[in-house]
Amino acid sequence: MVLKRSTALRYGFAVFAVGLATTIRWPLNSLLGDRFPFALPFSAVIAAAWFGGRGPGLLSVLLGAISTLYFVLAPSMNLVEKQPMSFYQLAAFAFGGSVAALLTGSLRMANDAIQDREKQLEFMAAAMPEILFTADSSGHVETLSERFHEYTGKKLSDLSAFGWMDLVHSDDKDLTLGEWRSSVHDRKEFQSTCRLSRKDGTYRWFQCRAVPMQDHQQRVLRWFGVCADIDDRKRLEEALALQTQALTRSNQDLQRFAFAASHDLQEPLRMIGIFSELLIRNQPPNAESDYFATQIKTGVKRMQDLIEAALGYARITTDELETHQITSLDEPLSNALWILHAAIQESGAEIVNCAPLPKVIADPRMISRIFQNLIGNAIKFRSEDRPLVRISGKREGEMCVVAVSDNGIGMPMEYAQFVFEAFRRLHPQSQYPGSGLGLAGVKRIVELHNGRVWVESAPGSGSTFFFTLPSAEARG
């Protein structure tokens with residue numbers, strides 16, 4: 001590039017070019033006379049401007065004018081006694097040479113800039129792990145990056161126009177070639193996923209993409225493309241798909257087992273309750289038999305409740321949810337309050353709804369279960385004061401945050417991460433009966449809606465449960 005040559009070299013070349021032109025022209029004076037006196041100096045101007053840029057080109061104009069005026073134009077070896085025509089020729093050369101020097105210098109700088117850019121692109125292509133290629137308007141590959149040679153062991157000269165297709169796996173060849181020809185014919189972007197042969201004979205998955213460069217008349221001039229190695233990602237996706245299928249089958253098997261086990265367990269439990277009661281009735285009434293009967297009934301009822309709770313928890317799956325339905329939170333809240341009417345009346349609880357609640361994208365039945373569980377817990381774990389439950393909600397970005405707060409007994413925050421685990425209890429069954437699956441079900445429902453749930457609490461200061469759901473307004 002011009003700027004990378006030293007100043008002395010560039011300007012020295014201008015002096016050398018003019019000197020060479022003068023040396024060649026001077027012996028020809030006797031033969032040519034005053035004809036074409038500035039032909040060789042003009043060539044020196046072009047050469048100096050191309051080699052050194054505009055500055056050396058303009059210097060060669062000055063030196064060429066002086067040397068020609070002194071050595072060529074009659075009388076030679078004289079700068080004063082010249083014909084008027086000589087000065088006209090000199091002026092024409094000075095003007096034309098200056099224009100030529102400026103244009104040639106600019107052209108050389110532009111040419112050098114293009115060459116530098118091409119070298120940069122070549123280095124970038126060599127540094128990139130992807131295979132880069134270009135093709136002509138008919139789809140024939142013209143250039144391939146060095147990465148192609150490193151991967152396949154072949155060069156472009158080893159391939160025919162569509163010879164690269166010989167490297168595509170036989171199972172992918174027809175589809176890939178058809179997509180490429182269709183893109184070339186329709187002048188549309190090309191995208192394909194295929195396996196390419198490596199030089200050791202193995203195949204790896206590649207994501208190939210090419211776009212056409214078009215002129216103002218929408219004619220394709222050239223195609224530019226890239227093939228990225230996605231084999232590791234592809235195999236990971238396949239492994240994840242297999243694991244997902246296995247997990248789905250496992251969940252289905254577990255659900256079938258849970259349903260079958262619940263049916264099979266419910267019947268023996270009923271039989272235990274019935275026959276134990278009959279057995280006790282046949283005995284003389286006494287305090288001991290009454291105690292045994294009560295314990296058996298309590299145990300049977302406890303087991304039935306656990307089975308029902310486990311079944312309800314197992315039924316919370318994506319197959320059971322309508323997660324794309326626009327729901328006003330006021331509706332599932334009203335349904336939950338109707339179900340809890342007796343408990344609310346018995347406890348004298350006050351439910352404060354900070355309406356209006358936002359609209360969300362969620363299954364209203366499942367959201368009703370969330371409210372039913374959280375409000376029911378607020379009543380169950382109440383303090384000596386009258387239960388007070390506040391429900392509020394607001395939109396934050398693409399999600400809505402719903403809060404259910406109470407004035408109950410609260411809990412230490414170190415237990416906050418455990419309360420949403422299945423069968424994890426903070427209080428004995430005799431003090432606060434329950435299955436230990438309520439909050440676990442809340443967490444599962446919220447997460448199936450792509451939300452999250454957490455709690456803030458302190459002993460004696462009540463608890464506030466938060467959960468997020470997709471906002472209907474954010475989805476438009």
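1. Let's start with the nonpolar surface patch: its largest share, three residues, comes from helix H1 (residues 7-25). The patch is built from Phe-16, Leu-20, Ile-24, Leu-28 and Leu-31, and its area is about 470 Å². Please keep in mind as you read on that this is a predicted model.

2. One member of that patch deserves a second look. Leu-28 sits in the loop between H1 and helix H2 (29-32). With a relative accessible area of 32%, Leu-28 counts as partly exposed, because that class runs between the 20% limit for buried and the 50% limit for exposed. Patch membership asks for over 30% relative accessible area, a cut-off that the 32% of Leu-28 passes.

3. Next, helix H3 (residues 39-52). Its 14 residues should span 20 Å at 1.5 Å a residue, and the end C-alpha atoms are indeed 20 Å apart, so expectation and model agree. The buried residues of H3 include Pro-41, Ala-44, Val-45, Ala-48, Ala-49 and Gly-52. They cover an arc of only 130 degrees around the axis, so they lie on the same side of H3. The general background is familiar: an α-helix has 3.6 residues a turn, so residues three or four places apart point the same way. Right after the helix comes Gly-53, with a positive phi near 105 degrees.

4. Helix H7 (residues 170-186) makes a good companion to read alongside. H7 has 17 residues and reaches 25 Å from first C-alpha to last, close to the 24 Å expected at 1.5 Å a residue. Within H7, Asp-172, Thr-176, Leu-177, Trp-180, Ser-183 and Val-184 are buried. Their directions fill an arc of only 130 degrees around the axis, which means they share the same side of H7. Exposed residues on the other side of H7 are Asp-171, Asp-174, Leu-175 and His-185.

5. What do the buried residues of H7 pack against? Their partners are four strands: E1 (131-136), E3 (190-197), E4 (203-214) and E5 (220-229). Just after H7, Arg-187 adopts a positive phi of about 55 degrees.

6. Finally, some figures for the whole chain. The secondary structure comprises 13 helices and 12 strands. Of the 476 residues in the chain, 36% are buried. Among contacts with a separation of 6 or more, 63% join residues 24 or more positions apart. The chain exposes about 27,900 Å², of which carbon and sulfur atoms supply 58%.

Notes: Residues are numbered from 1 along each chain as its sequence is written. This is a predicted model: local features need pLDDT of at least 70, side-chain atom pairs count only at pLDDT 80 or more; totals for chains, interfaces and linings use all residues. Side-chain values use heavy atoms; hydrogens and water are left out. Patches are made of residues with over 30% relative accessible area and no salt bridge: like charges are joined within 9 Å, nonpolar side chains (Val, Leu, Ile, Met, Phe, Trp, Tyr) within 5 Å. Accessible areas come from the Shrake-Rupley method with a 1.4 Å probe; for residues, only the protein chains shown count as cover. A salt bridge is a side-chain nitrogen of Lys or Arg within 4 Å of a carboxyl oxygen of Asp or Glu. Helices (H or I, at least four residues) and strands (E, at least two) are DSSP runs, numbered from the N terminus. Buried means under 20% relative accessible area, exposed over 50%, partly exposed in between (1.4 Å probe, protein chains only). The expected span of a helix is 1.5 Å times one less than its number of residues. The arc is that of the directions from the helix axis to the C-beta atoms. Contact means heavy atoms within 4.5 Å.
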